[in-house]
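This report goes through one protein chain, from its overall make-up to its disulfide, two helix pairs and two loop residues. The sequence and coordinates are shown first.

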Amino acid sequence: MRCSIRRCFLTSVGIGFLWLFITLKVPTEIEDDQNVMTIQGQVYDVPLSVSQEDSYSRREDLRPLEEWQNLTSKYMKKIQQRRKTWLMVGVSSVPRPDQNSLSYTLLSLFRATSKIEQKRLTVLVHLADSDLTWLRETTVHISSLFSPQILAGQLLLIHAPSDIYPTVDDVRDKATQAEFYSKQNIDHAFLMSFATKLSDYFLLLEDNAFCAPNFVTHIHWKVNAMRSDPWVMLEFSNMGFLGKLFHSRDLPVLSHFLLLFYKEKPLNRLIPHFRTLLAQKNPILCRPFLFYYRISYFTYNDSQKATPVRKKNPYGPDNPPGAIFTDMKVFDVHFPWEAYTLDESFFWTHNVSAGNHLTVILNHPVNLNRVQVLTGTIVDGKYALEKGQVELGYDPEGMPQYCTSFAVLGHLLEGQMDQEVFLRSLRYNVSCVRVVVKANQLGGLIIRHIHLWEENAKEAEATESWR
């Protein structure tokens, strides 16, 4: 509606360009196809260094659009013959202040799936930024961490060059909300266009997410349970566009829909309109939710560039960046990570059992001098944890990391604990903080806050001189 013929042409050509900018080593059975660019050896030896003018001239040389369509169609057939999976997980990624955001998301994805589940799964990542340095560094980093998944065809990276994007009023140089979500919509349109026909179902995630264990099995069970009921979108998270499942057959229509209305609304508000247009009036929320954001998630607003959700209070707790895991029941409101924010949100659950836990896994080891855990309501202390203890974890292993040893810091008294970490053996290089339930408890439970204070350099010097 808002797209000119030239813009539609450029967009269509851009979809073709996705194939030329694949940044992974494709399987050997298609290496003999001279029409497709593959990576042999180092992942950074890809056409990412081609200038914008060169890529445009190459696009002009291949004049008929049919040539691009035939090329991508031919390559699509070979990919489908090679490996068509049950589920494609799509992630569009851009540079973030947390540089490891994408890595941790991918680590969570593969760590949360068994070997059997991974045979049903392909992960597709669209590196949606034109910064060549970031592209090279990201591809090298991802390839070093996930070479087994790459060689098995379980992980694909793609990139659409910036000159095939519709003009969005210098969207790449500005950070207003409208320009941000316009580019975000286009990024995801390219992602979905590439994913078409590569799987039966398409799961949309963000590049700052954590996944529940065995999420593929849970989704497979839900899809089977919905066989008799028509649906367009199943929602395995109620946060933004995280955890939305589609039939892959609907992706061409959805990608065109996003390209038509990319300026109108953010992606999380466009998708419900698409669902309604395809005759699913009400959302289908699938509980328990399987995906949630990492605590260090960054957002955009109208007046400034990327800003963290949490703002540091110099006299308050530090709460260094980390991820939150729990084996307690999770509902559609008040998620586990809300216990670790610095606002007044909280985590709500009920009917906990001895041994249940809520664990904060820090991105990097820190030296702590104080830990505070508050449970129950503020006024009357209702829904407090009756018997529990706080443990500090060390010696992290794996990716994402998990702690292999724990030491008890203290016990909750009337649902609360506020304790300084005096022992040197406890306070240094802490990687995890865990709240553990020590007895079965019926009814509701509110974990209101987990607050951590880091030891600064002056305090460390004072401690050493005192010792």
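In this predicted model, 53% of the 467 residues of the protein chain count as buried. The chain has 13 helices and 20 strands. When contacts between residues at least 6 apart in sequence are taken, 77% of them join residues at least 24 apart.

**Cysteines**

How many disulfides does a search of the whole structure find? The search finds one. The partners are Cys-403 and Cys-432, with an S to S distance of 2.0 Å. A disulfide is a covalent bond between the sulfur atoms of two cysteines. The torsion about the S-S bond of Cys-403 and Cys-432 is about 95°, so this disulfide is right-handed. Cys-403 belongs to strand E17 (residues 402–411) and Cys-432 to strand E19 (residues 430–437), so the bond ties together parts that are 29 residues apart in sequence.

Residues under 20% relative accessible area count as buried. On that basis both ends of the disulfide are buried, Cys-403 with a relative accessible area of 11% and Cys-432 with 1%. Two further cysteines are also buried: Cys-211 has a relative accessible area of 4%, and Cys-286 has a relative accessibility of 4%.

**Helices H4 and H6**

Helix H4 covers residues 101–111 and helix H6 covers residues 132–145. Their axes come within 11 Å and cross at roughly 25°. Angles under 35 degrees count as roughly parallel, and H4 and H6 are therefore roughly parallel to each other. Their crossing is right-handed. On the H4 side the contact is made by Leu-102, Ser-103 and Leu-106, and on the H6 side by Thr-138, His-141, Ile-142 and Leu-145. Sorted by class, this contact has four nonpolar and three polar residues, with no charged residues.

Is H4 enclosed or open to the outside? Ten of its eleven residues are buried, so H4 is largely enclosed by the rest of the structure. The buried residues of H4 include Leu-102, Ser-103 and Leu-106, which also take part in the contact with H6. Others on the buried list are Ser-101, Tyr-104, Thr-105, Leu-107, Ser-108, Leu-109 and Phe-110.

Leu-106, a residue of H4, has a relative accessibility of 0% and counts as buried. Which residues does Leu-106 contact, leaving aside its neighbours within four places in sequence? They are Val-123, Val-125, Ile-142, Phe-146 and Leu-155. Of these, Ile-142 is also one of the H6 residues in the contact between H4 and H6. Elsewhere along the chain, Asp-207 is 101 residues from Leu-106, yet the C-alpha atoms of the two are separated by 8.2 Å.

**Helices H10 and H11**

The second pair consists of helix H10 (residues 251–260) and helix H11 (residues 267–277). The axes of H10 and H11 come within 11 Å and cross at roughly 130°. H10 and H11 are therefore oblique to each other. H10 passes H11 in a right-handed crossing. H10 contributes Val-253, Leu-254, Phe-257 and Leu-258 to the contact, while H11 contributes Leu-267, Leu-270, His-273, Phe-274 and Leu-277. By class, eight of the contact residues of H10 and H11 are nonpolar and one is polar, with no charged residues.

The two pairs are set out below.

| Helix pair | Axes come within | Crossing angle |
|---|---|---|
| H4 and H6 | 11 Å | roughly 25° |
| H10 and H11 | 11 Å | roughly 130° |

**Loop residues with positive phi**

Two residues that are not glycine have a positive phi. For Lys-197 the value is about 70°. Lys-197 is located in the loop between helix H8 (177–195) and strand E4 (199–206). With 53% relative accessibility, Lys-197 counts as exposed.

For Glu-414 the positive phi is about 55°. Where is Glu-414 found? Glu-414 is in the loop between E17 and strand E18 (416–420). E17 is also the strand in which Cys-403 of the disulfide lies. Glu-414 has a relative accessibility of 74% and counts as exposed, whereas Cys-403 is buried.

Definitions and conventions: Residues are numbered from 1 along each chain as its sequence is written. This is a predicted model: local features need pLDDT of at least 70, side-chain atom pairs count only at pLDDT 80 or more; totals for chains, interfaces and linings use all residues. Side-chain values use heavy atoms; hydrogens and water are left out. A disulfide is a pair of cysteine sulfur atoms within 2.5 Å. Helices (H or I, at least four residues) and strands (E, at least two) are DSSP runs, numbered from the N terminus. Buried means under 20% relative accessible area, exposed over 50%, partly exposed in between (1.4 Å probe, protein chains only). Axes are lines fitted to C-alpha atoms, for helices over the stretch in contact, and angles run from 0 to 180 degrees between N-to-C directions. Angles under 35 degrees count as roughly parallel, over 145 as roughly antiparallel, 65 to 115 as roughly perpendicular and the rest as oblique. A crossing is left-handed if the near helix is turned anticlockwise from the far one by less than a right angle, and right-handed if clockwise. Contact means heavy atoms within 4.5 Å. Ala, Val, Leu, Ile, Met, Phe, Trp, Tyr, Cys and Pro count as nonpolar, Asp, Glu, Lys and Arg as charged, and the others, Gly among them, as polar.
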